[in-house]
Amino acid sequence: MRIKLKNLIAPAIVVLVLLLIPQLASEYVIYVVVLAMLYAILAGSYDLITGYTGPLTFCHGAFYGLGAYASALLTLKAGFSFWLAFPASGIIVFLFAAIVGYPALRLSGHYFAVTTFFFGHFIYLVLLNTVKLTNGPMGLRDIPAPTSFLGINFHALSASYYLILVFGLLAVVLLFLLVRSGVGKLLVSIRENEELSEAIGVNTAFYKVLAFSISGGVAGLTGSMFAHFFRLLHPTTFAWMTSEMVVIMALVGGMGTLFGPIIGAGIVTLILELMRFAPELRFIIWSVAIILVLIIEPKGLMGIVGRLRVGQGGKR
Amino acid sequence: MIFQQIITGIIVGASYALIALGLNLIWSITDIPDFSQGGIYVIAAYVSYFAVTLARVPFFLALLAAMAVGSVISFILEKFLYKRWRGSGRIQLLCAIALFFLLSNGAILLWTPKAKIFPAYLQGGIPMFGFVLSFQRIVVLAVSTLLFIIVFLFIQKTKMGKAIRAASQDREVAQVVGINIDSVNSMVFIIGGALSSTASVLISPLYAVFPAMGDLPLLKALVGGFGSVAGVLIGGLGLGLIESLGSVYLSAAYQHGFAFFVLLIALMFFPKGLFGKV
Amino acid sequence: MKAGKGLLSLILALALLLLAQQIWAGGEKEGVKAAKVVKVGYIAPFTGSAAEFGTNGWRGIQLALEDVNKNGIKIGGETYKIEIVRYDSRCEPTEAVANMRKLAMEDKVVAVLGDHCSSCCMGISPLCDEYKIPAITIECAANAVTSPGHDYYFRMRPSMGLMAPLLTPKIVKLFNPKSVGFLSINDDYGRSFADSFEQSMTKEGVKTVTKIFFERGNTDFMAFLSKIKDAKPDVVFYVGVTPEGAMILKQAKEMGVTPGIKFIGSEEMGEMELLSLAGAEAVEGTYTVALWGAVAADFEKRVKDKFNAPMHYAIIFGYDALTVVSKAVAAAQSLDPVKIREAIKKTDYQGLEGRIKFEDFENYKNQGRYTPSFIKWSGGKRVPQ
């Protein structure tokens with residue numbers, strides 16, 4: 001698996017810009033970019049199960065929330081340090097997704113999708129109502145920032161930013177390696193023709209559950225990052241709107257390309273932020289914009305890119 | 001008290017079943033879970049509300065007006081949007097979600113987020129088992145039953161109905177055999193729009209009209225969206241009953257979570273849907 | 001595809017840069033302050049399920065804005081007008097924080113009004129201290145917002161934890177109840193309300209026989225009312241917003257639960273809106289906690305003329321909050337948020353809702369302490385008890 005150097009130039013520029021933002025921009029911009037990065041990782045991990053493997057899911061926000069609350073509670077109530085709670089949350093959500101995914105993934109596409117929808121809503125209800133544990137609608141606050149590491153104080157906004165950036169880069173690199181590997185190709189073959197894959201001996205059930213669980217696990221890790229960055233958790237942050245947003249970001253960017261959803265997350269965040277000045281109209285403008293995008297280029301941003309490429313005489 | 005719960009459950013379930021029927025029809029022909037029906041649900045409620053309060057139109061006329069508006073909107077959405085991407089379920093899904101947000105937020109913008117109370121159109125009711133069953137609630141049951149029968153007969157007996165059934169089983173073969181897939185698509189959306197609107201208008205006088213009213217019923221209807229007409233009815237009613245009884249005897253806070261369990265159970269025992277396809 | 005992907009990454013990078021540049025430059029421009037304008041931020045839910053609070057708060061603020069800007073604020077010989085920058089929080093804490101940071105960094109406001117939702121208030125209050133920009137919350141009810149509190153965060157209305165002990169003795173004296181029930185909305189506000197009143201009622205020896213939480217937006221209360229009917233409490237606190245309250249009362253009347261069992265509503269139920277939604281018959285004989293007894297008739301008229309909307313306590317609070325800020329700016333004779341904060345702390349002003357004074361006591365900081373009203377709905381009118 002070779003990666004041409006010239007293909008690294010553009011991602012390198014993006015990373016460079018991201019590295020420079022805390023030095024150049026205001027705290028407001030830094031904060032928004034952090035949220036965008038978190039969404040980008042969510043969208044990227046979402047692409048693993050839905051873009052690459054096939055089944056549409058609507059519970060990504062719930063996995064995000066589970067990871068966030070798990071990490072927060074482990075540090076607040078069980079005295080874990082962030083550095084332990086972080087991987088623990090990832091594992092917890094990974095297992096959760098595996099347990100739920102194993103029976104659920106037997107269902108055909110639409111039924112599975114609807115099931116994940118309700119599963120997501122159910123998790124939200126649990127977070128809202130187990131008040132003794134999660135403080136329910138009162139919100140969980142005073143979550144500690146990651147404890148000092150190499151003398152870095154993570155209470156500061158820039159420090160959190162860089163931590164999340166590093167996490168994001170690692171996650172993206174690992175996801176990239178995964179989808180480019182043999183396993184990734186297997187997932188795509190399942191998406192394209194599950195029966196055929198099954199017939200030639202691929203254990204499709206295993207790989208679907210694996211993809212679902214890894215995707216969930218990464219979302220859980222992202223949740224942990226969020227919890228110790230924002231330091232205040234409220235169930236509404238993980239209601240179905242969040243899962244919807246992830247789906248839309250992935251679709252806008254172009255599913256099944258890994259980078260599509262990641263960039264889609266950035267674009268959607270950017271647009272919503274630029275429209276902050278129009279409080280009542282934001283979502284209307286945004287919905288209309290999505291529909292327009294679909295009319296013009298249904299494959300999302302990556303579709304547009306593909307067309308540009310074809311225009312240049314190259315092949316996709 | 002339990003009788004009252006059962007009746008409430010059946011009535012609420014009937015409205016879920018109506019929406020679910022429309023969703024099911026649309027789904028079986030196009031593979032889209034049509035979220036925009038949630039938005040049409042909201043619009044229909046407001047149309048009927050204004051018809052009754054501003055235009056002073058009698059309730060049943062308002063109902064018909066709302067059904068007409070709902071079907072037309074649904075038809076237009078299919079013709080000018082969904083049709084473009086026939087075959088690409090994902091894009092249609094995204095469009096459906098965007099439309100749902102658009103319609104719901106549009107309602108907030110046009111009519112403020114505050115709920116409006118729909119004036120009662122029938123007073124009084126029948127006393128039974130320790131409570132009074134209002135006539136308005138009986139109307140919900142009656143109209144829902146009527147519509148179900150009409151739709152069932154339509155699907156079973158008419159030429160278009162047969163075309164819909166054929167297309168739901170195999171789109172390509174249906175086209176080869178000469179069925180006009182465009183007409184079939186339009187028809188299921190028209191029916192879907194009419195059904196969602198009816199569900200909304202029937203329920204409005206019992207509760208309230210507000211922009212977010214479509215969110216939950218849409219989700220619940222998705223649960224009932226399996227298989228045949230009978231299956232949809234049982235699914236919807238079942239959900240309504242379980243919610244109603246569960247919220248009293250189990251937990252009020254999880255009222256909207258029961259859908260998840262109903263779904264799981266339904267899927268475990270009927271992985272291909274209840275009673276097979278339409 | 002790869003080069004295309006690269007192209008795309010480039011575009012994104014550019015966009016990010018542009019955004020950073022624009023915001024940064026935007027911030028800088030504000031440094032050269034547009035003469036004679038004082039910017040005040042307003043964070044509130046304008047969309048989503050809590051949208052009516054932001055809408056009403058904004059109405060009150062607009063009225064106060066008219067009054068203040070008529071003559072402006074004189075600072076050192078110059079006349080300043082207030083300009084409001086408002087952003088939507090959707091009752092979502094991550095949004096509220098984004099808004100706060102934008103207000104502080106980009107808009108460079110000297111004070112902030114907001115939020116309405118306790119979760120958002122809790123999100124922005126630490127930032128107020130960090131940025132040293134004072135904020136007055138329009139109406140968050142949860143105790144935690146000012147307990148232990150922040151130096152730069154102020155609340156006018158008494159928190160849930162304070163309302164209950166102030167009102168319970170009156171309630172007990174009026175009805176002499178042996179048992180109490182709760183029917184409350186399942187959010188931070190609803191739970192705080194129910195918990196505090198449960199605590200204070202228990203102290204008076206009243207037993208809780210049923211406690212039910214329902215989801216926001218719920219419209220069917222028959223099941224819950226049946227449960228309440230069976231439990232036979234002497235009084236019931238019902239907590240939520242007016243449409244739900246109206247539904248509860250209508251259905252309670254239908255089931256014959258009221259007025260036998262004394263229903264006491266949360267603050268929203270003291271609004272005229274309840275009367276118009278539920279009808280005089282359904283509200284007759286019920287009671288409610290209220291945040292205002294009566295306002296001046298001319299204020300009511302202004303609200304009606306300008307907005308064609310019923311009076312609502314968020315309008316009153318919005319008005320008072322902006323008035324307090326403008327008075328503080330005038331008192332401080334400065335646009336320095338730190339000095340304005342000091343002036344806010346010293347506020348002692350007879351507002352529309354009562355005497356506004358921010359105190360530090362027990363575990364509270366910067367908390368107002370006026371006594372709430374207790375209203376009976378009688379003959380279609382609000383009758384203070």
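Two residues are in contact if their C-beta atoms, placed from the backbone, lie within 7 Å. Keep that in mind, everyone, while we look at this structure, which is a predicted model.

Let's begin with chain A. Take the contacts in chain A with a separation of 6 or more: residues 24 or more positions apart account for 76% of them. What does the secondary structure of chain A come to? It comes to 14 helices and 2 strands. Along its principal axes, the C-alpha trace of chain A spans about 55 × 45 × 45 Å. The radius of gyration of chain A is 19 Å, and this agrees with a compact globule, because a globule with 316 residues would have a value near 20 Å. As for burial, 58% of the 316 residues of chain A count as buried.

Now the domains of chain A. The assignment gives domain 1, residues 5-274, and domain 2, residues 283-316. Between the centres of domain 1 of chain A and domain 2 of chain A, taken over C-alpha atoms, there are 24 Å.

One residue of chain A is worth a stop: A:Asp142. You'll find A:Asp142 in the loop between β1 (140-141) and α7 (157-180) of chain A. Its phi is positive, about 60°, although A:Asp142 is not a glycine. Is A:Asp142 buried or exposed? A:Asp142 counts as exposed, because it has 11 C-beta neighbours inside 10 Å, and the exposed class takes residues with 12 or fewer.

On to chain B, and a phenylalanine. B:Phe101 is found in helix α4 of chain B. Here the count goes the other way: B:Phe101 has 22 C-beta neighbours inside 10 Å and therefore counts as buried. Which residues does B:Phe101 touch, not counting those up to four places away in sequence? The answer takes us back to chain A, with A:Phe283 and A:Ser287. Within chain B, the C-alpha atoms of B:Phe101 and B:Leu63 are separated by 24 Å, and these two residues are 38 residues apart along the chain.

Chain B also meets chain C. That contact takes 24 residues from chain B and 24 residues from chain C. On the side of chain B that touches chain C, the elements giving two or more residues are α1 (2-30), α4 (89-111) and α10 (229-249) of chain B. Which element gives the largest share of that side? It is α1(B), with 4 residues. By type, the residues on this side of chain B divide into 14 nonpolar, 9 polar and 1 charged.

That brings us to chain C itself. Its domain assignment gives domain 1 (1-32), domain 2 (34-157 + 298-353) and domain 3 (161-290 + 373-384). The centres of domain 2 of chain C and domain 3 of chain C, taken over C-alpha atoms, are separated by 30 Å. Their contact takes 10 residues from domain 2 of chain C and 12 residues from domain 3 of chain C. On the domain 2 side of that contact in chain C, the residues divide into 5 nonpolar, 5 polar and no charged.

Please find helix α4 of chain C, residues 118-131. Its 14 residues reach 20 Å from the first C-alpha to the last, close to the 20 Å expected at 1.5 Å a residue. Where does α4(C) bend? It bends by about 25° at C:Ile124, and a proline, C:Pro126, follows within four residues. This helix, α4(C), is mostly covered, with 11 of its 14 residues buried. Among the buried residues of α4(C) are C:Cys120, C:Cys121, C:Met122, C:Leu127 and C:Tyr131. Just after α4(C), C:Lys132 takes a positive phi of about 55°.

Step back to the loop before that helix. C:Asp115 has its place in the loop between β4 (111-114) and α4 of chain C. The peptide bond from C:Gly114 to C:Asp115 is cis, with omega near 0°. Another cis bond runs from C:Ser147 to C:Pro148, with omega near 5°. C:Pro148 sits in the loop between β5 (135-137) and β6 (153-155) of chain C.

My last stop is C:Asn308, in the loop between α11 (297-307) and α12 (313-332) of chain C. C:Asn308 is a residue other than glycine with a positive phi, near 50°. C:Asn308 has 7 C-beta neighbours inside 10 Å, so it counts as exposed.

Thanks for listening, everyone!

Key:
Residues numbered from 1 in each chain as written. Chains lettered and ligands numbered in written order. Predicted model: local features only at pLDDT ≥ 70, side-chain atom pairs only at ≥ 80, totals over all residues. Domains from an automatic or database assignment. Nonpolar A, V, L, I, M, F, W, Y, C, P; charged D, E, K, R; others polar. Rg over C-alpha atoms; globule rule 2.2 N^0.38 Å. Buried ≥ 20, exposed ≤ 12 C-beta atoms within 10 Å, placed from the backbone. Expected span 1.5 Å × (residues − 1). Bend = angle between axes of the 7 residues up to and from the residue.
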